[in-house]
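Work through these exercises with the sequence and the 3D view side by side. Try each task before you read its solution.

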Amino acid sequence: MSRPRRDPRAEWAAFLIAAEAPRPRYDRTRRATGSGRPRRDPRAEREAQRIGGLARARYDLSQIGRPMGDAVAAAPRSVLVAEAPKTIIVESPAFLVAVVPDAPGGRLSGHDRQVIGAARALAGREGGVVVLTQGDCEGLGAAGADRVLRLDGAEGYDPAGRAARIEAALAGLGARHALFPESLDGGDLARRIAVGLDEALFTNAEVVAAKGFVRPARGRRVEQSLAPPRLATVAPGAVADYAGPPREARALPFEGSVPPDAPPSIVSATRIPADPATVPLALAEFVVSAGNGLSDLDTFRQVAARLNATPGASRVLCDAGLMPRHAQVGASGTVLAATCYFALGISGAPQHLQGVAGCEHVVAVNTDLHAAMIERAGLAIVQDAQAVMPALLRLLAEEAAGEGKAS
C-alpha cells in the first residue's frame, strides 16, 4: 500500500487561507475551561457596591493644603473609637494559685509577670490567681491577677519574718499552688517557706502547665517532670506574660493568724549597688547605647554616668574601635535583658533589634522617623541625638539642684 506524497506548497497555501479567516471573538464573561460558569467582572462588582452603599471609603486628596475647617466641612468622616477591653471578673474561683513576686520598688518586674502568666496557665478558666504583695504594687490586673492580698510587715530586711507571714497567708487562702520567681530574693524566700511548711519545692521550672512541670537536670542533659506541685519556682524567660484582657485584681482581707514579730536574726542589711560602668551588659538593668549618629562620645559617657546606666554601643562603633567590643549590643554582641534600653543615634539593624528584643522599655532618639529603632521604641524622640544629649544633661543638673535645695 503506497502512501500519498506530501505537498508542502498545498499545505502552506491552506495555512495562509486559514490565517486570513476571521477568528471567533473571545467571550470574557466565560471561563476558558469551558465549564460554563461566568467569570467574575470586578468592574460590575464595584459598581454594585457603590450603588448599594458598600463602596470602600476613599481619601479626598483635593483637600490637602486647604484650611482645616473647610476640609472638615467638605469631607466629613466618622472617627472610630476603640472600645476598652472588658475586665474579666471571676466571682467564685474553684481554687486559687498564689504568686509571691519580688516587685522591687512597688512594680512588677518582667520575671514577676512571667510567673503570673504561669499561674494563669495553672488556674485556667475555673481557678483564680492571687498575688501576695508587700505594700502597694501597680499593674496587677493587667498582668493577670484576680485577687490581691497585701501583707504589711516590719520595715527593713527581714526574710524570716516575711516567710512566716506568707506561710500564714497560704494557710488562710488554701491555695492549691504557690509560685515564686527563681531570683535572688524569690528563690531564697521560696526555700524558707518550703522548710517552714515541710513541703517539697520544685525549683527552676521551665515548663509550667496543668499537666505537669518540667525542669532541666544534670547539666541540662536530661529533663525532670512532675505533676503540678504545691510549691515551685519559675525560671526567668521560661513562660510568656499574660496577654489576655485585664483581670479584676480585687483586694482580699487577710484571713489567718499572723505570727508575732520575732526579733530579726539579721541585725542590719544594706544593699550596695554595683557600679553601672563595670556591670556586664547581660546583667545590666539600664543600658544607654551610642550609634553611628553620635560623634561626641565624651558627652555620651557623661550622659551614661549621670543616668547611672551601663554604656553600650552599636556594631558600627565597635568595629571602628570607638567603643570596646564588650559594649556591643546585638545578636553578634550581647543580648540584653534590661528593664530599660536608651538608644542614641541607632537606626536599628536587624541584628541589633535581636539584641534588645528582651528589654522591657525602649527609648530611642533618631532623626529618621521611619527608622526601625523608632518603630521598636515605646518612647521615641525624632531629633538629632547630638542636640538631645546636652539638653538631657542640663535637665539632670537642674533636677539634682532642686533635690539639693529641698533637702
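The exercises below go from the whole protein to one strand and its partners. The model is predicted.

**Exercise 1. Describe the protein as a whole.**

Solution.
- Start with the elements: the protein has twelve helices and 15 strands.
- Turn to burial: of the 407 residues, 35% are buried.
- Take the surface next: the accessible area is about 25800 Å². Carbon and sulfur atoms hold 55% of that area.
- Finish with contacts: among those with a separation of 6 or more, 59% link residues 24 or more positions apart.

**Exercise 2. Is strand 4 largely enclosed or not, and why?**

Solution.
- Find the strand: strand 4 covers residues 177-181.
- Recall the cut-off: a residue is buried under 20% relative accessible area.
- Check one side: His177, Leu179 and Pro181 point one way from strand 4, and they are buried.
- Check the other side: Ala178 and Phe180 point the other way, and they are buried too.
- Conclude: five of the five residues are buried, so strand 4 is largely enclosed by the rest of the structure.

**Exercise 3. Which strands are joined to strand 4 by bridges?**

Solution.
- Look at strand 1, residues 96-99: three bridges join strand 1 to strand 4. The two run parallel.
- Pick out a facing pair here: Val99 stands opposite Leu179 of strand 4.
- Look at strand 9, residues 231-234: four bridges join strand 9 to strand 4. This pair also runs parallel.
- Pick out a facing pair again: Phe180 stands opposite Thr233 of strand 9.
- Put the answer together: strand 4 has bridges to strand 1 and to strand 9.

Methods
Residues are numbered from 1 along each chain as its sequence is written. This is a predicted model: local features need pLDDT of at least 70, side-chain atom pairs count only at pLDDT 80 or more; totals for chains, interfaces and linings use all residues. Side-chain values use heavy atoms; hydrogens and water are left out. Buried means under 20% relative accessible area, exposed over 50%, partly exposed in between (1.4 Å probe, protein chains only). Two strands pair if DSSP finds at least two bridges between them. Contact means heavy atoms within 4.5 Å. Accessible areas come from the Shrake-Rupley method with a 1.4 Å probe; for residues, only the protein chains shown count as cover.
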